[in-house]
Each structure stands twice: as structure tokens, then as C-alpha cells.
Amino acid sequence: MINGNTKVVGLIGNPVEHSFSPAMHNSAFDKLGLNYRYLAFKVEEKSLKRAIYGAENLNMIGLNVTIPHKINVIKYLDDLDPVASKIGAVNTIDLRTLKGYNTDGVGAMRALEEVTSLKGKNVVVAGAGGASRAICFNLVEKNVGSLTILNRNVEKASLLSGEIGVNYDSINEIASYLEDADILIDTTPIGMDPNINDKPIATSDMMHEDLVVNDIVYNPLETVLLKEASKVGDKTVSGLKMLLYQGVESFKIFTGVEAPVDVMENELLKLI
Ligand code: ATR
């Protein structure tokens with residue numbers, strides 16, 4: 001029931017119309033009987049400052065932030081979580097304290113840790129964009145054994161790896177890196193609907209049977225890369241898990257209570 005006590009959280013970005021976050025969070029509020037509602041707000045870049053302070057002054061509880069505002073929003077915040085500060089991007093704001101967090105990378109770690117430990121592991125990350133950045137900064141916090149960023153644009157990989165202090169190379173060299181890898185994470189959009197038959201970054205002949213393969217694309221759930229991994233019996237982690245756990249971590253920041261993970265996952269599965 002919506003009444004005078006309803007607490008409001010939401011998403012700001014552009015576009016936001018197709019986001020799964022409202023359904024995912026509202027299903028969790030319903031399950032726990034919390035008097036919260038989650039709404040999506042389309043915000044133009046020129047209106048970002050007024051949107052943030054407006055939401056704060058309406059005593060809204062918190063916001064998720066998506067493209068194109070994840071970087072620009074930082075200048076309007078009073079406080080920044082250390083990992084969000086290193087990444088230089090925020091996807092969650094606690095409006096009560098105007099503090100920014102980044103749960104994208106944390107969510108990815110939780111998704112991976114469901115199937116493997118990270119400490120000491122040799123990790124290969126394909127792609128050097130925003131998602132790769134959030135994931136790689138969190139991976140080094142987990143004391144992985146080695147981290148190599150592979151990218152089509154090698155210069156971009158060089159810049160990101162230099163900031164973090166890890167290795168980099170061209171994506172064309174992926175086969176040789178996979179020989180000694182424990183975990184492969186694909187942060188590129190390859191295989192995303194409608195391009196579901198794109199050539200994957202790696203094929204089954206390059207994958208040994210103990211590799212863990214994670215694709216951040218969740219639409220389709222089983223991407224062309226994950227199909228290749230399944231051929232050799234590798235453990236796979238779908239992009240749905242990262243989407244789920246970034247939401248789970250944000251939910252905890254908004255409400256202070258643990259999220260009902262199964263409810264949120266089932267809601268996502270209905271939508272995908
Ligand atoms: P995101 O914020 O989701 O990470 P992004 O910042 O646009 O998105 O980054 C996309 C990444 O996927 C980049 O590393 C990009 O490689 P380039 O830096 O060479 O452009 C990579 N990427 C996108 N399409 C690709 C393709 N067809 N083959 C290989 N890499 C691709």
C-alpha cells in the first residue's frame with residue numbers, strides 16, 4: 001500500500017524505461033513487507049544537479065544511477081565509498097548522507113564467489129570499458145594471483161591496467177592467456193541480443209575443463225561464449241547474477257536489511 005509513510009527510492013539515467021530494477025526491488029519490498037517503492041526517472045544531463053538535490057530535499061532514501069550519469073554524479077555528492085572513489089563511478093547513492101557507492105563490481109564478485117574463490121587465481125578480463133573498470137578494481141581487492149586485461153583497443157587496456165597495476169595485451173592473444181587462467185570474465189557486449197550469433201571472444205578449443213567463465217551480458221542468459229564453455233563442462237556465471245547482486249547490495253544500502261535474493265532472482269528471470 002502506498003501511503004504517507006511510503007519511502008521512495010529510484011533509478012536515474014537516460015534511458016531508463018527498459019530497466020529491470022523497479023520490478024526487482026519492488027518484488028523484494030513486497031516480500032519483506034517494507035513500505036518502500038522504487039521508480040525509474042529519466043534525467044537529462046543538464047538536469048542532473050537539480051535532480052540529485054531535488055531527490056535529497058524530497059527526503060527520498062536513495063538512488064541507483066545508470067548511463068550516462070555514473071561519473072558526473074560524483075561532483076554533487078558529499079562523501080564517496082573508497083572503492084567507488086577508485087573506480088571513479090557511482091551506481092548507488094544514499095540520499096540521507098549524500099554518499100556514493102559502486103555496487104557493480106561488488107555484485108560481480110559475489111556472483112563469481114558463488115562458484116569459485118578468487119584469492120590467488122589467475123584472472124583474464126576481456127574489455128576495458130566502464131564495466132571492466134568496476135570489476136578489475138574489485139578483483140585486485142580480492143588478492144587474485146594475476147589479472148590480465150585484454151582488449152581490442154590495446155591502448156585502452158594499457159591505460160586501465162596501468163591505473164590498477166596489472167597486465168594487459170591484445171584480445172587477439174586470448175588463447176595463450178587461457179592456458180593458465182582460472183577465471184575468464186567477458187565485459188564486452190559481444191553476443192548481446194539481437195547479435196546472439198556474434199563470434200565469441202574465445203571458443204571451446206581454447207578452454208580447459210577447470211576454467212570458470214563469466215559473461216556480463218544477461219540477454220540472452222546463455223550467451224555464445226557460455227555455450228562454448230558448456231561444451232567442455234566449464235562452470236559458467238551468467239550476467240544475470242551480476243545484475244542481481246548489484247541490486248542486492250544496493251537494496252541493503254537503501255533499507256539496511258538483507259535482500260531476499262531468491263525473490264529478486266525469480267523476478268529477473270520472469271523479465272528476461
Ligand atoms: P561498458 O561500460 O559496458 O563496459 P564500454 O565502456 O563501451 O561499455 O566498453 C565496451 C568494451 O567492449 C570495450 O572494451 C570495447 O573494446 P574497444 O575498447 O576496443 O572498443 C569492447 N568491445 C565492444 N565491442 C567489441 C567487439 N565487437 N569486439 C571486441 N571488443 C568489443
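The following exercises, with worked solutions, concern a sheet and a helix pair in a predicted model.

**Exercise 1.** Determine the order of the strands in the open sheet of six strands, and identify the edge strands.

*Solution.* Begin with the order, which reads 9-8-7-10-11-12, with parallel pairing. Next, consider the two ends of that order: strand 9 (167–170) and strand 12 (235–237) are the edge strands, and each pairs on one side only. Finally, consider the twist: on average, neighbouring strands of this sheet are turned by 20° against each other, direction ignored.

**Exercise 2.** Describe how strand 8 is joined to strand 9, and state which helix packs on the sheet and touches strand 8.

*Solution.* Strand 8 comprises residues 146–151, runs parallel to strand 9 and is joined to strand 9 by four bridges. In one bridge, Thr148 has Asn167 in strand 9 as its partner. The helix is helix 5 (residues 130–141), which touches strand 7 (122–126), strand 8 and strand 10 (183–186). The direction of helix 5 makes about 165° with that of strand 8.

**Exercise 3.** Classify the orientation of helix 4 relative to helix 9, and characterise their contact.

*Solution.* First, take the geometry: helix 4 (residues 103–113) and helix 9 (residues 239–255) pack with their axes 7 Å apart, at an angle of about 120°. Roughly perpendicular covers 65 to 115 degrees, and roughly antiparallel requires over 145. The two helices, helix 4 and helix 9, are therefore oblique to each other. Second, the handedness: helix 4 passes helix 9 in a right-handed crossing. Third, the residues: those of helix 4 include Val106 and Arg110, which belong to a group meeting residues of helix 9, among them Tyr245 and Glu249. By class, this contact has seven nonpolar, four polar and four charged residues.

Conventions: Residues numbered from 1 in each chain as written. Predicted model: local features only at pLDDT ≥ 70, side-chain atom pairs only at ≥ 80, totals over all residues. Heavy atoms only, no water. Pairing = 2+ DSSP bridges. Axes fitted to C-alpha atoms, helices over the stretch in contact; angles between N-to-C directions. Contact = heavy atoms within 4.5 Å. Parallel < 35°, antiparallel > 145°, perpendicular 65-115°, else oblique. Left-handed = near helix turned anticlockwise from the far one by under 90°. Nonpolar A, V, L, I, M, F, W, Y, C, P; charged D, E, K, R; others polar.
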